Amino acid sequence: MTQLSVAIVGGLHADARRAAVEALLAGVPGSVALHHDLSTAVDGTVLRTIRDAGGLVSTGETPLVNGCACCALREDLVPELERLAGAGLTRLAVVELWDSVEPKAMAEVVAASGLPLTSVITAVDPALLLPYLGNGDDLAETGLAAAPTDERTVADTFARQLEYAPVLAVLDSEEADEEDRALLAQLHPTALRVPIGERGGVLEGAAGPERGAGNCATGHDAPAPGSSQRAPRRSPALLAAALAGFDVEAAAAAQHPACALLPTDADEHGVTTLVWRRHRPFHPERLYAALEDLCCAAARSRGRFWLAERPDTLLHWDAAGGALCVESAGPWLASLPDAAWDMVPPVRRAAAALDWHPEHGDRCQHLVFTSPGLDRDGLERLLESCLLTDAEYAAGREAWERLPRPFDTFLEV
């Protein structure tokens, strides 16, 4: 009997994703790749394929569950993996996610089933980083929505795919330059970056190497996901990463706004990452008025922030493609009673300690902006102008809580 390992490979860069999957199949005799094609969901079914290094092994269909293609994937994936594990003949099962499926949800499904999840990998073509981060189109407009109610955009979906995975399979693309590679390194500095394959020519159906004017955040138009890919080389480094092990709880904590492992300051090959921290709240109206400029200042920005009229609420900042998502991420640790601290995970307490202020506790501004050509000085001036003035700050918490609440529209209050 062979012990099954499960590796998840995802990403909107279809050519890179397929190259990574084929490299794993080539490196592990008897390994298989499972893929659920959600593009058939409009017909009421999801198509499942299983293939090995030699080609297609089997196909099958599973019906939609609650009108949701991703739900159908979850219902069908685990039984198939359990069947492979029970047969005892497969060393590695590679779950190749469909374009817009995010790895976090699937990783948690696999781990909850008790199956040995050994890696989550996002495949990336560095030459396509800016185009995809700058693509504010809805997934539904590009035929990539996973459900009728899917309101995600290409940019925010790609950003989450990229930042969740601890391993990035990086396509050896002739069109990628030093700026592209620096951007990738700064977006996810803690990731293990493993080179794979070699792309032959321009992506079919994509914009190609000529990246023209487009989105405000990047100045580039975004292509539709590509299709064609030459056979890849084997990658011992990728295989080692695929079997190294994966901690679902640690991965989730690294993405949670309260304790996220955010990038650090950097400046290389024309790409800059600005880490901006302050221990004074934002004035809600001034920040709201500056949102468009802030969202278009960088290809990617994220972090946690503090509004004066919401002194106990930790807010999550998540921007890509010129669009911003603001969400409540629960209370600041300093706003909780002492008795509640024992129920807070240690990683959250450790993150709060790094930002701790003698008066405000962990309440702070911790925002990170990453982009080629970032106007660091101008961005810092704009952010500073959104903070409470000395007089507003001195007025105290009761006065802050009477300020207007324009962010109610974001938070659906």
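These questions and answers cover one sheet and its aromatic contacts.

This is a predicted model: local features need pLDDT of at least 70, side-chain atom pairs count only at pLDDT 80 or more, and totals for chains, interfaces and linings use all residues. Residues are numbered from 1 along each chain as its sequence is written, and side-chain values use heavy atoms, with hydrogens and water left out.

Visitor: Which strands stand at the edges of the open sheet of 6 strands?
Guide: Strands are DSSP runs of E, at least two residues, numbered from the N terminus. Two strands pair if DSSP finds at least two bridges between them. The order is β9-β10-β14-β11-β12-β13, with antiparallel pairing. Each edge strand has a single partner, so one side lacks a neighbour in the sheet: these are β9 (266–268) and β13 (323–331).

Visitor: What is the bridge partner of A320 in β13?
Guide: Strand β12 (residues 313–320) pairs with β13 in the antiparallel sense over 7 bridges. In β13, A320 is matched by A323.

Visitor: Why is the pair of F305 and W317 edge-to-face or stacked?
Guide: Rings of Phe, Tyr and Trp (its six-membered ring) pair if their centres lie within 6.5 Å; planes under 30 degrees apart count as stacked, over 60 as edge-to-face, the rest as tilted. F305 sits in strand β11 (residues 300–305) and W317 in strand β12, 12 residues apart. Their centres are 5.7 Å apart and their planes at 85 degrees, so the pair is edge-to-face.

Visitor: Are F305 and W317 buried or exposed?
Guide: Buried means under 20% relative accessible area, exposed over 50%, partly exposed in between (1.4 Å probe, protein chains only). Both F305 and W317 belong to one aromatic cluster, which also includes W276 and F410. F305 and W317 are each buried.

Terms used: Helix = DSSP H or I, 4+ residues; strand = E, 2+ residues; numbered from the N terminus.
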